[in-house]
Amino acid sequence: MVSLACSDILVLLIGMPVELYSAIWFPFTSASGNAFCKIYNFLFEACSYATILNVATLSFERYIATCYPFRFKTLGGKWTTGLITFAWVVALFVALPLLITMGTQGHIPVTRSTPVQNLTFCTNLREHWVMYRISIFFAFIVYMIVLVCVAFMCRAMILVLKKPMGFIEGSTSGNQRAIHNENSKVKSARKQTIVFLVLIVGSLMVCWLPNQIRRLMMAAMPKSNWTITYFRSYVILHPVADTFFYLSSVLNPFLYNLSSRQFRDVFMQVLRCHLTIAHKNQSTVQFRAAPKQSLQRPLLLKSLRRNRSSRTTVAKEETPSSFTTFQSQDDSGLGTDTQTSIIGTEEQILELKNRNVPSESEI
């Protein structure tokens, strides 16, 4: 979320001032305008593609957590860091050719080799036309791959979220009523999540597609070969594409604001500089910070001790008494108290000796 917010803010801070100044005058007419033109296009392209790649990585993590929750539990913080690094590295790689293909240059007709006027524009250079076309088409392919993958992952998550939750068998009517109420809350949360996923795919398609069409028009043919109709179409499409493109950077916070009540509460508390809501993982962190002695006892040792105690109890119940006190009478008929030791018959002794009880090491 922080990475996505940074890319959106950079798109607005880098692109909007240049766009607004372009409505008044040409922004790259100074002596160092060529270097600024290259840096501007490179940074703007990198931050733009970092935005959609961050959306793709967020959708991928949500897809794993929804469709494969047990596998998601095994992933740690390095996994998220790796996804963020991957998004920014790919974005920089997509924008890298613009450092070569873009620059300041005047309008050069087909029949001439120099500009017809003294004004210069930040545009694609004529001598690197082939490289510029390849970079624009490659960037469009990256956009289509991201769009298709996000749509596929959102569709898979929607199918999982639409699966109904049944009642617990053998539960009482009160428990069934509680489960029904809980399922109603879960169903409403799932519907909200489904709407959120649909809006993510819709925003990627609606907000980015006009700008991609405008870029393809730029790379389809050199400007010197444009017709009047082609030029008019480009001029009409340009403000519409820019509006929807910048709208995508503004739309992401609203989407996450609509999708999570906790996000809204935390956002308002951050604005007031007073954060009181505890994170849901706080209990998990406290559990992990507990003493490790009670958590790391080997389960095998517990099982061995339990089996040994149960074996001792059974042996005490089955073993006969070693000593028995009884009263014997002599031939004269007088009663005398005599204590006699009875150890048992030979069969019982042999049975006790031959009983094969495995030791703890064997278990």
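**Aromatic pairs, cores and a buried arginine**

Me: How many aromatic pairs does the count come to by the ring-centre rule?
Reply: Happy to start there, with a predicted model in which local features need pLDDT of at least 70, side-chain atom pairs count only at pLDDT 80 or more, and totals for chains, interfaces and linings use all residues. Residues are numbered from 1 along each chain as its sequence is written, and side-chain values use heavy atoms, leaving out hydrogens and water. Rings of Phe, Tyr and Trp (its six-membered ring) pair if their centres lie within 6.5 Å; planes under 30 degrees apart are stacked, over 60 edge-to-face, and the rest tilted. By this rule the count comes to 15 aromatic pairs.

Me: Are the rings of F140 and Y143 stacked, tilted or edge-to-face?
Reply: Both residues lie in helix 6, 3 residues apart, about one turn of the helix; helices here are DSSP runs (H or I, at least four residues), numbered from the N terminus. Their ring centres are 6.4 Å apart and their planes are at 40°, so the pair is tilted.

Me: Is Y143 buried or exposed?
Reply: Buried means under 20% relative accessible area, exposed over 50%, and partly exposed in between (1.4 Å probe, protein chains only). Its partner F140 is partly exposed at 23%. Y143 has a relative accessible area of 1%, so Y143 is buried.

Me: And what about the rings of F245 and Y246: stacked or edge-to-face?
Reply: F245 is buried at 4% relative accessible area, and Y246 is buried at 9%. Their ring centres are 5.7 Å apart with planes at 75°, so the pair is edge-to-face.

Me: Which helix gives the most residues to the largest nonpolar core?
Reply: A nonpolar core is a set of buried Ala, Val, Leu, Ile, Met, Phe, Trp, Tyr and Cys residues joined through side-chain atoms within 4.5 Å. The largest has 45 residues, of which Y49, I52, V150 and W208 touch the most other members. Elements giving two or more residues include helix 1 (2-22) and helix 7 (173-220). The most, 13 residues, come from helix 2.

Me: Which side chain of opposite charge is nearest to buried R214?
Reply: R214 lies in helix 7, and its side chain makes a polar contact of 3.1 Å with that of Y234 (N or O atoms within 3.5 Å, one able to donate a hydrogen and the other to accept it; residues adjacent in sequence count only if both atoms are side-chain atoms). A salt bridge needs a side-chain nitrogen of Lys or Arg within 4 Å of a carboxyl oxygen of Asp or Glu. R214 has none, and at 4.2 Å the nearest side chain of opposite charge is D242.

Note on methods. Lys and Arg count as positive and Asp and Glu as negative; His and the chain ends are not counted.
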